[in-house]
Amino acid sequence: MPTPERQPADSPRPDRPMRADVRRNREKLLAAALTAFTSADTSVPLETVARQAGVGIGTLYRHFPTREALVEAVYAAELDAVTDSAETLLRDLPPEQALRAWMDRYAELVSAKRGMIGGSTTGWAPGRGATVSTRDRLTAAVATLLEAGARAGTLRGDVDPDDVITLLLGVFLSTTSGDRAGRTRQLLDLVADGLRPHPDSGS
């Protein structure tokens, strides 16, 4: 009778919670990968990511069998941080400032994704390949910020949050070279200004 194949010691079983040490290794790998991919390009060896995380290359591959799997996991973690940040920003800032700060946070997410794939938009563009769930989560974050601003009278109450996401994606797609960061800030300022109530419009 064949002996069942043993699962690696640090690989979580699907029906069991992830062990604390396994979870820590995963978190260290994600942090190291984000730093490596966004400060260099996708040619950075995965061995370097493992070394910076303080784990062996075998541990990296048990968590992330391919470079693409690692990139997508890093992006997913950053997406969680961006979508969750709306409520946090509203606790610390007035709604109109919180929305503008959230736009910058979203821009950082897009910039990180570009860095992870080597800074080229040939094979990827913000929003391309994004799932409906991703778009819904981003739209929900914007809706939270807009609703808070409408209640405070500092943001328009007649704006579809999904339209705001469309505008932001347009900004990110149009700033692909040159002084990307500076140009992105200028365009995001214009979007933010358009979301403020204007006395002559009655909104």
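Okay, let's start in helix α5, residues 95-116, where tryptophan 102 and tyrosine 106 sit four residues apart, about one turn of the helix. Helices here are DSSP runs of H or I with at least four residues, strands are E runs of at least two, and both are numbered from the N terminus. Before I go on, this is a predicted model, so local features need pLDDT of at least 70, side-chain atom pairs count only at pLDDT 80 or more, and totals for chains, interfaces and linings use all residues. Residues are numbered from 1 along each chain as its sequence is written, and side-chain values use heavy atoms, with hydrogens and water left out.

Right, back to the rings. Rings of Phe, Tyr and Trp, taking the six-membered ring for Trp, pair if their centres lie within 6.5 Å; planes under 30 degrees apart are stacked, over 60 edge-to-face, and the rest tilted. That rule gives two aromatic pairs. For tryptophan 102 and tyrosine 106, the ring centres are 5.4 Å apart and the planes sit at 45 degrees, so we call that pair tilted. Both tryptophan 102 and tyrosine 106 are buried, where buried means under 20% relative accessible area, exposed means over 50%, and partly exposed is in between, using a 1.4 Å probe and protein chains only.

So which ring does tyrosine 106 pair with edge-to-face? That's phenylalanine 172: the centres are 5.1 Å apart and the planes are at 90 degrees, so the pair is edge-to-face. Tyrosine 106 is in α5 and phenylalanine 172 is in α7, so this pair ties together parts that are 66 residues apart in sequence. Tyrosine 106 and phenylalanine 172 are both buried. Put the ring pairs together and you have a cluster of Trp102, Tyr106 and Phe172.

Now, charges. Side chains of opposite charge can pair when their charged atoms come close. The cut-off for a salt bridge is a side-chain nitrogen of Lys or Arg within 4 Å of a carboxyl oxygen of Asp or Glu, and the count comes to eight salt bridges. I'll show you three of the pairs.

One is aspartate 80 with arginine 137, where the closest N and O atoms are 2.4 Å apart. Aspartate 80 is in α4 and arginine 137 in α6, so the bridge ties together parts 57 residues apart in sequence. Aspartate 80 is partly exposed at 34% relative accessibility, and arginine 137 is partly exposed too, at 31%.

Another is arginine 135 with aspartate 162, with 2.8 Å between the closest N and O atoms. This one also links distant parts of the chain, α6 for arginine 135 and α7 for aspartate 162, 27 residues apart. Arginine 135 comes out partly exposed at 26% relative accessibility, and aspartate 162 partly exposed at 27%. While we're on bridges, those that share partners join Glu78, Arg105 and Glu108 into one network.

Within that network, arginine 105 bridges to glutamate 108, with the closest N and O atoms 3.7 Å apart. Both lie in α5, three residues apart, about one turn of the helix. Arginine 105 is partly exposed at 21%, and glutamate 108 is partly exposed at 47%.

Next, helix packing. Two packed helices are described by the angle between their axes and the distance between the axes. Take α1, residues 20-39, and α4, residues 67-92: their axes come within 10 Å and cross at roughly 95 degrees. Axes are lines fitted to C-alpha atoms, for helices over the stretch in contact, with angles from 0 to 180 degrees between N-to-C directions. That makes α1 and α4 roughly perpendicular; the bins are under 35 degrees for roughly parallel, over 145 for roughly antiparallel, 65 to 115 for roughly perpendicular, and oblique for the rest.

Then there's α2, residues 46-53, where Leu46, Thr48, Val49, Ala50 and Ala53 are buried. The buried residues of α2 pack against α1, α3 (57-63) and α4. After α2 comes glycine 54, with a positive phi near 75 degrees.

Last stop, leucine 155, in the loop between α6 (132-152) and α7 (161-174). Is leucine 155 buried or exposed? Buried, with a relative accessible area of 4%. Beyond its neighbours within four places in sequence, its contacts (heavy atoms within 4.5 Å) include Pro95, Leu99, Leu145 and Pro197. And the C-alpha atoms of leucine 155 and arginine 196 are 4.5 Å apart, with the two positions 41 residues apart along the chain.
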